[in-house]
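Let's take a friendly look at how two protein chains meet. Please have the sequence and the 3D view ready, and follow along as each part comes up.

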Amino acid sequence: MKELSLNILDITENSVKAGATLTEINVSETENDLILTITDNGHGMTSEILDSVTNPFTTTRTTRKVGMGLPLLKLAAEQTGGEVVITSKHESEFPESHGTVVKAVFHKNHIDFTPLGDVISTITTLIQGHPDTDFLFIHSKCGNQVALDTRELRETLEGIPLNTYEVIKWIEEYLHEQYSEILK
Amino acid sequence: MKSLAELQAIKEKMKDKVVLREGTNATRVVVGMATCGIAAGARPVLSTFVEEVNALGLVDTVTVSQTGCIGLCQYEPIVEIFEAGKEKVTYVKVDADKAKRIANEHLKGGKVVVEYTIGANQ
């Protein structure tokens, strides 16, 4: 993937497909590291699936036998000297608290670090495609943060779909403004 | 700074329109957004369709949506267009410029851009 924001889009699609009603995308940056954590309340994975999930020959898709989403994220993290850790609770064992957490650590100063790229476009694409599920996005850097919670927007919009063109544009501009004023 | 009050205003403006829109969208533009599609450049293709459908005033008749892997990863980004009473049209290796042309000529003008279809690229 050319940008980390594309990996974020791809991995978050898995959360939605796993039936998550809320997915949190957290990007936390320090001077040297970028830590990406995607936390969902979807069905979760059994330990057998979890053990094999970064193997490209494991996939949930039915059109092909190869799944590259998590292997590509793992590659992007490991080539900077970082790592990916996935934990999951399957609904069969954890009916009240199921879901998956994908955490990826990147060392930003490594020459093979892939830039974050257009994360705003990733967020608006997710909302455009999945207007009925909620996303919480937080990007923090050295004590400052940009945040968007679709639950708040949904409450204000009272039934107007989140993927209405005007709403998507508002979200895009809102995030652009926050980035230019908070995370300069 | 943008505020939720602005969103409130959008809601008031959209309230009546949305009721009208429900069920009237006869044409569907579907963009493949699995790993293969995203890696090949589907994200800007999707946003171009969203922008163009709005700019061309087609919001009431065309919906833009996303799907998973279509099974032809080597042809991604793939865009399928479904129109009532017509055969599905599959566009392959689409980029933002091609998306713009497809929106103008096919969605607005009703004429399939044959050179971008899978039939012309096999």
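## Polar contacts between the chains

In this predicted model, 13 residue pairs are in polar contact between chain A and chain B, with both partners at pLDDT 80 or more. Which helices of chain A each supply at least two residues of the side that touches chain B? They are helix H1 (4-17), helix H3 (69-78), helix H4 (119-129), helix H5 (150-157) and helix H6 (165-181). H6(A) gives the largest share of that side, with 10 residues.

What kinds of residues make up the side of chain A that touches chain B? Sorted by class, there are 13 nonpolar, 12 polar and 13 charged residues.

## How much area is buried

The size of an interface is often given as the accessible area lost when the parts come together. Here, chain A and chain B bury about 3,100 Å² between them, and 63% of that area is on carbon and sulfur atoms. Three residues of chain A deserve a look in your viewer: A:Thr156, A:Tyr165 and A:Trp170 supply 21% of the area that chain A buries against chain B, more than any other three residues.

You can also count who takes part: 38 residues of chain A and 32 residues of chain B belong to the contact.

## Salt bridges

Side chains of opposite charge can pair when their charged atoms come close. Over all chains, the count is 13 salt bridges, and three salt bridges are found across the interface of chain A and chain B.

One to find for yourself is the salt bridge between A:Glu3 and B:Arg43, where the closest N and O atoms are 2.8 Å apart. Why does this pair join two chains? A:Glu3 lies in the segment before H1 of chain A and B:Arg43 lies in helix H3 of chain B, so the pair links one chain to the other.

## Two helices crossing in chain B

Now turn to chain B, where helix H3 (residues 42-55) and helix H4 (residues 96-108) have axes that come within 9 Å and cross at roughly 35 degrees. Is the crossing of H3(B) and H4(B) left-handed or right-handed? The crossing is right-handed.

H3(B) brings residues including B:Pro44, B:Val45 and B:Phe49 to this contact, while those from H4(B) include B:Ala99, B:Ile102 and B:Leu107. By class, the contact of H3(B) with H4(B) has nine nonpolar, two polar and two charged residues.

Notes
Residues are numbered from 1 along each chain as its sequence is written. Chains are lettered from A and ligands numbered from 1 in the order in which they are written. This is a predicted model: local features need pLDDT of at least 70, side-chain atom pairs count only at pLDDT 80 or more; totals for chains, interfaces and linings use all residues. Side-chain values use heavy atoms; hydrogens and water are left out. Contact means heavy atoms within 4.5 Å. Buried area is the accessible area (1.4 Å probe) that two parts lose on being put together, summed over both. A salt bridge is a side-chain nitrogen of Lys or Arg within 4 Å of a carboxyl oxygen of Asp or Glu. A polar contact is a pair of N or O atoms within 3.5 Å; within protein, one must be able to donate a hydrogen and the other to accept it, and residues adjacent in sequence count only if both atoms are side-chain atoms. Helices (H or I, at least four residues) and strands (E, at least two) are DSSP runs, numbered from the N terminus. Ala, Val, Leu, Ile, Met, Phe, Trp, Tyr, Cys and Pro count as nonpolar, Asp, Glu, Lys and Arg as charged, and the others, Gly among them, as polar. Axes are lines fitted to C-alpha atoms, for helices over the stretch in contact, and angles run from 0 to 180 degrees between N-to-C directions. A crossing is left-handed if the near helix is turned anticlockwise from the far one by less than a right angle, and right-handed if clockwise.
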